[in-house]
Amino acid sequence: MEQRLASSGTMSVNEKNFIQTALLSDLRIDGRGPYDYRNLKIQFGSEDGSSDVQLGHTRVMGFVTSQLVQPYKDRNNEGSLTIFTEFSPMADPSFEAGRPSEFAVELGRIVDRGLRESRAVDTESLCVVSGKWVWSIRIDLHILDNGGNLVDAANIAALAALLTSRRPECSVGGEDGQEVTVHPPEEREPLPLIVHHLPIAITFAFIGEETRMVIDPSYLEEAVMGGKMTVTLNSNADICSIQKAGGDGILQSDIMRCLRFASMKAADITDKIKKAVEAYDKGRAMKKIKRHPIPLKADEAGQQGVNILVEIEKLKTEIQDTRIDNECDDMETEIQLFAKDGIVSEDNKHTPFIGGPSSWDPYSKGVDVDELKVSLASKVTPALGDKSTAPQPAAEPDLTMLDEHSRNSDPIPSSPGTSEPAEWTRQPKPKTLLDAVKPKHKRKKRDMKNTDKS
């Protein structure tokens, strides 16, 4: 809306009277108070040293570049700082392209005086070779939109661009020590500029016959003001410069009051600039930049190769020792597991397998050889003379249940006082394990047949 009114070129008397009357009630046409600042927004570009500042409807861009030049004769050990402004007709129809107006020259001088005269930038650190090469810092300010108070917006844009700018690192060498080598960003990290403090410009406008004072005047307020004054000072309330460009005169008391308000506003703006720069530095640190290594000399490269070979041999030895330790640990673990299961003796020697069929035959479990011999001997007839009382010889004992130990044992002993037939003392035929699984009912039938015959 304000840019549309700016194109009209003039304001009506009623509009001017409305602005002046509203200020008598401490009101401004945009809703602010007499000492309120507009919203400040600071942004940065993708490259170092570029800033975009928006103060209300006013927008200014700043760019910082550096170049190696020869120093001035009266300042051989100091670099230079220059400021250039560009007013585009797109920002205001009253601006002419290619030709700086008086206001453009005044704006450049105010910003330049606040930076150079206050020694905000360390120019001595810009010297490379005394009397021969120094860095020249150039600040370009582009006015994109004129919504009033261009001086304050341009000053903030210049400071933000200076704080984020980087110059290439350079080294001095050669036989005479006068040869300068500029390293590109791919090889070495660029260096930031040294800024001691931030000089902040605060503009005051005086409107009406009663000289009402307002801070940060808008475009319409600049059209009706009778005079203005710009005060540049840092957060420590150190006055860097004061600019009063004609118009109505002001009292000394008013100047002192302006300085008090300016010191408070300068501290607030300084904090906003520093926070914005810190956020930019964090984002820049997150970006990874590929850097090419600097070529080494022959001696340095040879020494570095020897060191690398030594490190490789140490690494191989450590890997081999670790592998041997792991193998020993595995062998000890296996021996402990075998000893737990009873497979390996204390002397770590394999013991032979000791056991008979009873350890693997399922049908021989629980059979006692001595009890089996006694049971067989009890069936033998005590006397053969008395046929009525003498029992018939029992059936041949079933020796199929005997295991390998019973077959190799001594013959079955007879009862005392009896004579055993020769057929009972003969050795039984060898039996197999298959004969030991005969069911019991077959043995009972054989006993019944023997009793019938008797």
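## A walk through the model

Start with the whole chain in cartoon view: you should find 11 helices and 14 strands. Keep in mind that this is a predicted model. The protein has 454 residues, and 32% of them count as buried. Switch on a surface and you're looking at about 29600 Å² of accessible area, with 53% of that belonging to carbon and sulfur atoms. Now think about how the chain folds back on itself: among contacts with a separation of 6 or more, 71% are between residues 24 or more positions apart.

**Stop 1: the core**

Hide the surface and select Leu115, Ile139, Phe204 and Ile273. These four have the most contacts inside the largest nonpolar core, which counts 59 residues. Which helix gives this core its largest share? Color residues 150–164 to see it: that's helix α4, and it supplies 11 residues.

Stay with Leu115 and show what surrounds it. Beyond its neighbours within four places in sequence, Leu115 touches Leu81, Ile83, Ala120, Val121, Ile139, Leu159, Leu162 and Pro199. Notice that Ile139 is on that list, and Ile139 is also one of the core's best-connected residues. Another core, of 9 residues, lies apart from this one; select Met11, Ile207, Tyr219 and Val224 to pick out some of its members.

**Stop 2: a threonine in helix α6**

Next, color residues 252–286, which form helix α6, and click on Thr270 within it. Is Thr270 buried or exposed? It counts as buried because its relative accessibility is 3%, and the cut-off for buried is under 20%. Where does its side chain reach? Draw a distance from the Thr270 side chain to the backbone oxygen of Ala266, and you should get 2.7 Å. Leaving aside neighbours within four places in sequence, Thr270 is in contact with Leu198, Ile200 and Ser235.

**Stop 3: salt bridges**

Time for some charges. The model has 14 salt bridges in total, and we'll visit a few.

- Select Asp30 and Arg32: their side chains meet in a salt bridge, 2.8 Å from N to O. Asp30 is partly exposed at 35% relative accessibility, while Arg32 is buried at 11%.
- Move to Arg138 and Asp140, whose side chains pair up at 3.0 Å, N to O. Here the acid, Asp140, is buried at 15%, and Arg138 is partly exposed at 36%.
- Then pick Arg188 and Glu169, where the closest N and O atoms of the salt bridge are 3.6 Å apart. This pair links distant parts of the chain, 19 residues apart: Arg188 is in the loop between β9 and β10, and Glu169 is in the loop between β7 and β8. Both partners are partly exposed, Arg188 at 27% and Glu169 at 24%.

Before you leave, go back to Asp30 and Arg32 and add Arg38 and Asp216 to the selection: salt bridges with shared partners join these four into one network.

**Stop 4: a nonpolar patch on the surface**

For the last stop, bring the surface back and select Ile308, Leu309 and Ile312. What do they make? Together they make a nonpolar surface patch of about 280 Å². Ile312 sits in helix α7, so color residues 298–341 if you want to see where it belongs. Ile312 counts as partly exposed, because its relative accessible area is 39%.

Methods:
Residues are numbered from 1 along each chain as its sequence is written. This is a predicted model: local features need pLDDT of at least 70, side-chain atom pairs count only at pLDDT 80 or more; totals for chains, interfaces and linings use all residues. Side-chain values use heavy atoms; hydrogens and water are left out. Patches are made of residues with over 30% relative accessible area and no salt bridge: like charges are joined within 9 Å, nonpolar side chains (Val, Leu, Ile, Met, Phe, Trp, Tyr) within 5 Å. Accessible areas come from the Shrake-Rupley method with a 1.4 Å probe; for residues, only the protein chains shown count as cover. Helices (H or I, at least four residues) and strands (E, at least two) are DSSP runs, numbered from the N terminus. Buried means under 20% relative accessible area, exposed over 50%, partly exposed in between (1.4 Å probe, protein chains only). A nonpolar core is a set of buried Ala, Val, Leu, Ile, Met, Phe, Trp, Tyr and Cys residues joined through side-chain atoms within 4.5 Å. Contact means heavy atoms within 4.5 Å. A polar contact is a pair of N or O atoms within 3.5 Å; within protein, one must be able to donate a hydrogen and the other to accept it, and residues adjacent in sequence count only if both atoms are side-chain atoms.
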